[in-house]
Amino acid sequence: MNLRTAEQRKIPLLDLKAQHRTIRDQVLAALTRVTESQQFILGEEVSALEAEIAAYCGAKYAIGCGSGSDALLLALMALGIGPGDQVLTTPYTFFATVSAISRVGAAPVFADVKPDTFNLDPDHASRVLSANPKVRAMIPVHLFGACADMDSIQALARPKGISIVEDAAQALGAEYKRRRAGTIGDLGCLSFFPSKNLGAFGDAGMLITDDGALAERLMALRVHGAHKKYRHEWVGINSRLDAIQAAVLRVKLPYLDFWTERRRQNADLYRRFISDLDIPVHAPQANTYQTRHIYNQFVIRAERRNELRAYLNAQEIGTEIYYPVPMHLQKCFAGLGYKAGDFPVSERLANESLALPIYPELQLDDIEYICRTVKAFYS
């Protein structure tokens, strides 16, 4: 069936141009400020953004870096994780979560996720920890903008002296029992990739922590392990936040809560419409673990997912699959010894999940149209 009607419209998965139109003059002024200063690496713009993000998240320290992927790597480096260590995370996540573990020479070990939250299953994690005594750190992922069950994760980690690195790349502003994502564990890792709720004009990332010693080490590690030029205390990396990216993010940050509230309202509309359609689609639920879900993505679970996606794309409705191949089945991690069937929930989600447009500029009639198109497919 091809839904061609007078109301047909093109709806992308994300429309950054619509956002930019509302702040264009402010962004251009910020870019001009940086180009006039000719200070492009770190500097005052980055320091100001670090202070603003720390205040927004309720953290004592924020340390800018080159990307969210680098933030994960730097976090493990700062904690001294390396060869002979294991790090527990989930196989249902973006590649950077697991690649950071491998890049420091540690071994990833996986625990499955819960089907209703897409986040780490603490019961399975408990069993994995019992079988893997070399786990020195856990990386819970706050996937799609909702926090993992941090009380249960801390109860598992703290008695064993296991460090907690929160992968909050998709969750800036998300809350768990009134605490912002990234501030509950030892370190939180943020991403400002352009598709994030707070997106830069390229790659950019940040770490947040309340630990002054970790913050000092991170500030050195991001510049080749040196606090002073040519004096290297550690072997670090080159991962400095550009002043241009910081300036753009400083323009956008005051709008973040408004944009997030619009995403939350759109998610509520989706849930209401989908519940009335009587179709084999499951929408993510609100207020899981008493959190503030910020909906970096609105991901449904759908029967015949691939066919549904092809149908929606034919109607010019943008979609994306997060993530079609779980990490334990990636070719580069074959040496870990995992096989198909080891993490059934993650594998099921990889076959059923589909992201629908959720960006703040979507209108009520856009969401109604998307849901009617989904209904038409199943009809």
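These exercises concern the pockets and cavities of one predicted model.

Residues are numbered from 1 along each chain as its sequence is written. Local features need pLDDT of at least 70 and side-chain atom pairs pLDDT 80 or more, while totals for chains, interfaces and linings use all residues, and side-chain values use heavy atoms, without hydrogens and water.

**Exercise 1.** Describe the largest pocket and its lining.

Step 1. On a 1 Å grid over the protein atoms alone, a pocket is an open set of points with protein on both sides within 12 Å along at least five of seven lines, a cavity is a set where a 1.4 Å probe fits but cannot get out, and lining residues have an atom within 4 Å of a point.

Step 2. The largest pocket holds about 440 Å³, a volume being the space filled by probe spheres set on points joined across faces, edges and corners.

Step 3. Its lining has 27 residues, with F94, A169, Q170, S191 and K196 closest to the centre.

Step 4. Two or more lining residues come from each of α3 (68-78), α4 (95-103) and β8 (187-191); helices (H or I, at least four residues) and strands (E, at least two) are DSSP runs numbered from the N terminus.

**Exercise 2.** Which element gives the largest share of the lining of the second largest pocket?

Step 1. The second largest pocket has about 160 Å³.

Step 2. At least two lining residues come from each of α7 (212-221) and β10 (226-228).

Step 3. β10 gives the largest share, three residues.

**Exercise 3.** Locate the second largest cavity.

Step 1. There are three cavities of 30 Å³ or more, and the second largest has about 70 Å³.

Step 2. Among its 13 lining residues, A169, L172, K196, N197 and L198 lie nearest the centre.
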